[in-house]
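Hi there,

Here is the structure I promised to pass on. Have a look at it first, then read on for what turned up.

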Amino acid sequence: MIFKPVTFHGDSLDRLRDFPEDADSDEGGHELYRVQKGLDPSDWKPMPTVGAGVREIRLRDAGGAFRVIYIAVLADAIHVLHAFQKKTQKTAERDLNLTAARLHQLKPGLK
């Protein structure tokens, strides 16, 4: 089995490492490992407003909801575009804009 490498953009790796223990890089890392194996994460949803093929891994702990947004449909790697704590029901516009900007830097014209 061939595993795609995981590439982190901007501060997404640092942000993932800053998640609380129950929703930290262990759980997030496990979910990304599932994606590397060609499987879906345990809890995810598509993010078509950001771009085609972009997905959101949903993590939860007693402190709240945390998200890891990535794209895995590109041949070279799994690209983690953003990781953050979600504070409201709707994803904050600044988080969506940052993710879209990183996607555009990765592949200009991809949307």
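Let's start with a question: what do the buried residues of helix 3 pack against? Before the answer, one caution: this is a predicted model, so keep that in mind as you click around.

The answer is helix 1, strand 3, strand 4 and strand 5 (78-86). Helix 3 itself has 14 residues and reaches 20 Å from its first C-alpha to its last, close to the 20 Å expected at 1.5 Å a residue. Its buried residues are Asp95, Leu96, Thr99, Arg102, Leu103 and Leu106. They cover an arc of only 130° around the axis, so they sit on the same side of helix 3. If that spacing looks odd to you, here is the background: an α-helix has 3.6 residues a turn, so residues three or four places apart point the same way. Turn to the other side of helix 3 and you'll find Arg94 and Gln105, which are exposed.

Now for the charges. Searching the whole structure gives seven salt bridges, and three of them are worth a look here.

Try aspartate 11 and arginine 102 to begin with. Their side chains meet in a salt bridge, at 3.0 Å from N to O. Aspartate 11 lies in the loop between strand 1 (6-8) and helix 1 (12-17), while arginine 102 belongs to helix 3 (residues 93-106), so the pair ties together parts that are 91 residues apart in sequence. Aspartate 11 is partly exposed, at 29% relative accessible area, and arginine 102 is buried, at 10%. There is also a network here: salt bridges link Asp11, Arg15 and Arg102.

Next, find glutamate 56 and arginine 67, whose side chains meet in a salt bridge at 3.5 Å, N to O. This pair links distant parts of the chain, with glutamate 56 in strand 3 (residues 54-61) and arginine 67 in strand 4 (residues 64-71), eleven residues apart. Both glutamate 56 and arginine 67 are buried.

Back on helix 3, aspartate 95 forms a salt bridge with arginine 94, and the closest N and O atoms are 3.1 Å apart. Are these two buried or exposed? Aspartate 95 is buried, with a relative accessible area of 7%, whereas arginine 94 counts as exposed at 60%.

Then there is a charged residue without a partner of this kind. Lysine 86, in strand 5, is buried yet has no salt bridge. Which side chain of opposite charge is nearest to lysine 86? That is glutamate 56, 4.9 Å away, and the cut-off for a salt bridge is 4 Å, so this pair does not count as one. A polar atom of the lysine 86 side chain does lie 3.0 Å from the backbone oxygen of glutamine 89. Not counting residues up to four places away in sequence, lysine 86 touches Ala65, Phe66, Arg67 and Thr91.

One last stop: alanine 72, in the loop between strand 4 and strand 5. The C-alpha atoms of alanine 72 and glycine 53 are separated by 7.1 Å, although the two residues are 19 apart along the chain. Leaving aside neighbours within four places in sequence, alanine 72 is in contact with Lys4, Val35, Gly53, Ala77 and Ile78.

Happy browsing!

Definitions and conventions:
Residues numbered from 1 in each chain as written. Predicted model: local features only at pLDDT ≥ 70, side-chain atom pairs only at ≥ 80, totals over all residues. Heavy atoms only, no water. Helix = DSSP H or I, 4+ residues; strand = E, 2+ residues; numbered from the N terminus. Buried < 20%, exposed > 50% of the residue type's maximum accessible area, 1.4 Å probe, protein only. Expected span 1.5 Å × (residues − 1). Arc of directions from axis to C-beta. Contact = heavy atoms within 4.5 Å. Lys, Arg positive; Asp, Glu negative; His and termini not counted. Polar contact = N/O pair within 3.5 Å; in protein donor to acceptor, adjacent residues only side chain to side chain.
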